[in-house]
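I opened the notebook today to record what I looked up on side-chain packing, ring pairs and backbone angles.

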Amino acid sequence: MRLMSRSAALEFILLLCCCHLILGQKSDSALTVVENKEGGGGRGEGRDDDDDKEEVTVDEDEGDLEVVQPTEEWQTLKPGQAVPTGAHVRLNLQTGQREVRLGEEQLKYWTHEHRDKEEVQTLFNPDELKQAMKKIKEDLNSVSTDQQDSVVSKYRPLDELKRDMAQLEVLVETDAQIMKRMLEQLNSSKSSTEQRLNILQELEYLVHQVDNAQTLCSMGGLQFILQGLNSSDFRLQESSAFVLGSAVASNPAVQVKVVESGALQMLLTILATTQPVGVKKKVLYAVASLLRHFPYAQYYFLSHGGMQVLSELFQADGGEVLRTRIATMLYDMISEKELISQAGLDPVLDASHEERVRQYSEVSLQRELLEKGWCSLVPQLLESNEHDYREKALRALLVMAPVCLEQYHSDSSLLGSLRSLRDQYEDMIQSQMILGEENSYFAEIVELIDALQVKIK
């Protein structure tokens with residue numbers, strides 16, 4: 001018994017030494033193979049006893065070995081399998097089998113990218129790829145002609161697509177081309193009144209752009225607009241005046257051409273004659289747009305009886321809408337001249353601004369206000385029930401105050417209207433405050449009334 005236990009102990013010590021040699025050995029060879037001693041150095045079936053196995057290193061070029069592919073996990077190493085350099089091999093004392101996995105350095109370098117590359121490289125061999133390509137050709141050849149035709153019929157030929165695209169490019173028109181085509185239609189005797197109205201409506205939309213308005217004039221379009229103003233059809237007159245007003249708005253180049261064409265005199269004639277309210281509204285819009293920031297047109301307007309025409313129109317039965325537009329036009333002209341006059345006091349001015357100040361100085365608007373009775377006409381607009389009309393009248397009265405102050409003092413109806421309006425708006429503001437509401441618009445009107453009363457007192 002004692003001899004058997006000593007023999008077992010020696011065997012155990014020998015086993016530990018073998019494990020130490022296996023784990024600690026570093027070989028320069030590419031592969032390590034586990035062989036059977038009794039096999040004479042060849043690859044063969046090994047015995048189950050662990051002490052009868054040893055590790056032999058071989059070169060990568062020595063024969064076609066079955067190389068084990070280590071992973072992060074331990075896996076059983078079978079007899080006759082070669083182990084790549086750098087792999088870790090251990091003896092599992094519980095199972096008595098050798099196991100292999102990647103070494104520490106390999107684990108650091110073994111990313112998913114490298115593993116995927118190896119898997120892709122070993123996924124197909126050349127024979128398998130050839131077979132796959134051959135199968136694809138066979139599948140294509142097996143498709144019937146009818147099936148191919150059905151697929152082709154779903155798509156248009158390339159030449160046909162190119163022709164359609166070329167036609168689309170031809171159909172794309174610039175604004176200038178569109179206006180030229182519209183002017184030709186407007187001048188055509190074949191065009192009906194409805195067609196002309198539609199053309200004028202589209203032109204009005206286009207001439208809001210400064211460049212388009214100037215292009216329209218260079219094409220001779222102003223002549224066709226003036227023909228529309230002279231038309232016996234009220235609808236054509238109204239639409240033509242609308243186009244003209246939109247074309248000259250904030251467009252000095254077009255304003256000059258319109259004044260030189262005599263259009264302002266034509267507009268005044270329409271205002272002085274019997275015309276529908278709709279026509280006069282659009283004509284007033286055109287006149288106001290033409291006069292705005294254009295002292296030469298204002299001078300022409302005053303010298304050709306423009307204030308007299310507006311005075312008669314204000315007193316006619318044209319409704320409060322026309323009166324409000326006229327009051328707004330007066331407010332714009334007076335405020336504009338006042339701003340330019342104040343800027344003229346600045347000693348640092350360029351030559352162009354000095355010329356502009358000189359032009360406005362020739363516009364004798366204050367004298368026209370007194371002579372045509374505007375100091376007593378505008379207060380009549382305060383009797384309107386519309387808050388907007390009252391506001392426009394108050395603003396016009398304020399800018400007219402330096403000229404009309406004496407008339408304001410002697411006009412008892414004006415003073416009474418101001419007191420009545422102030423009380424009315426104060427009550428409205430108080431009522432809204434009780435309801436928890438607030439209307440700054442009414443408060444603004446009260447401020448205008450107070451400012452006017454201060455000037456009069």
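Is Tyr296 buried, partly exposed or exposed? I am working from a predicted model, and in it Tyr296 has a relative accessibility of 47%, so I entered Tyr296 as partly exposed.

**Entry 1, ring pairs.** I looked up the aromatic pairs and noted that the structure holds 5 of them. One of these joins Phe242 and Tyr285 in an edge-to-face arrangement, with 5.7 Å from centre to centre and 65 degrees between the planes. I noted that this pair links distant parts of the chain, since Phe242 belongs to helix H11 and Tyr285 to helix H14, 43 residues apart. Both ends are partly exposed, Phe242 with a relative accessible area of 30% and Tyr285 at 25% relative accessibility. I then turned to Phe294 and Tyr296, whose ring centres are 6.0 Å apart and whose planes meet at 45 degrees, so I logged the pair as tilted. Within that pair Phe294 counts as buried at 11% relative accessibility, whereas Tyr296 is partly exposed. I also found Tyr425, Tyr441 and Phe442 linked into a cluster by ring pairs.

**Entry 2, charges over rings.** Returning to Phe242, I found Lys282 over the face of its ring, at 5.0 Å from the ring centre. Elsewhere I noted Arg90 over the face of Trp74, at 4.2 Å from the ring centre.

**Entry 3, nonpolar cores.** I looked up the largest nonpolar core and recorded 91 residues, with Leu203, Leu244, Val287, Phe301, Trp374, Met400 and Tyr408 having the most contacts inside it. Helix H21, residues 387-410, supplies the largest share of this core with 10 residues. I followed Leu203 further and, leaving aside residues up to four places away in sequence, found that Leu203 touches Met179, Met182, Leu183, Leu216 and Val243. A second, separate core has 6 residues, among them Val68, Val83, Ala87 and Val100. As background I wrote down that nonpolar side chains tend to be buried together in soluble globular proteins.

**Entry 4, positive phi.** Which angle did I note for Ser250? Its phi is near 55 degrees, a positive value in a residue other than glycine. Ser250 is found in the loop between helix H11 (234-248) and helix H12 (252-260), and at 65% relative accessibility Ser250 counts as exposed. I made a second such note for His293, which is not a glycine either and has a positive phi of about 60 degrees. His293 has its place in the loop between helix H14 (277-291) and helix H15 (295-303), and with a relative accessible area of 48% His293 is partly exposed.

Methods: Residues are numbered from 1 along each chain as its sequence is written. This is a predicted model: local features need pLDDT of at least 70, side-chain atom pairs count only at pLDDT 80 or more; totals for chains, interfaces and linings use all residues. Side-chain values use heavy atoms; hydrogens and water are left out. A nonpolar core is a set of buried Ala, Val, Leu, Ile, Met, Phe, Trp, Tyr and Cys residues joined through side-chain atoms within 4.5 Å. Buried means under 20% relative accessible area, exposed over 50%, partly exposed in between (1.4 Å probe, protein chains only). Helices (H or I, at least four residues) and strands (E, at least two) are DSSP runs, numbered from the N terminus. Contact means heavy atoms within 4.5 Å. Rings of Phe, Tyr and Trp (its six-membered ring) pair if their centres lie within 6.5 Å; planes under 30 degrees apart count as stacked, over 60 as edge-to-face and the rest as tilted. A charge sits over a ring if NZ of Lys or CZ of Arg is within 6 Å of the ring centre and within 35 degrees of the ring normal.
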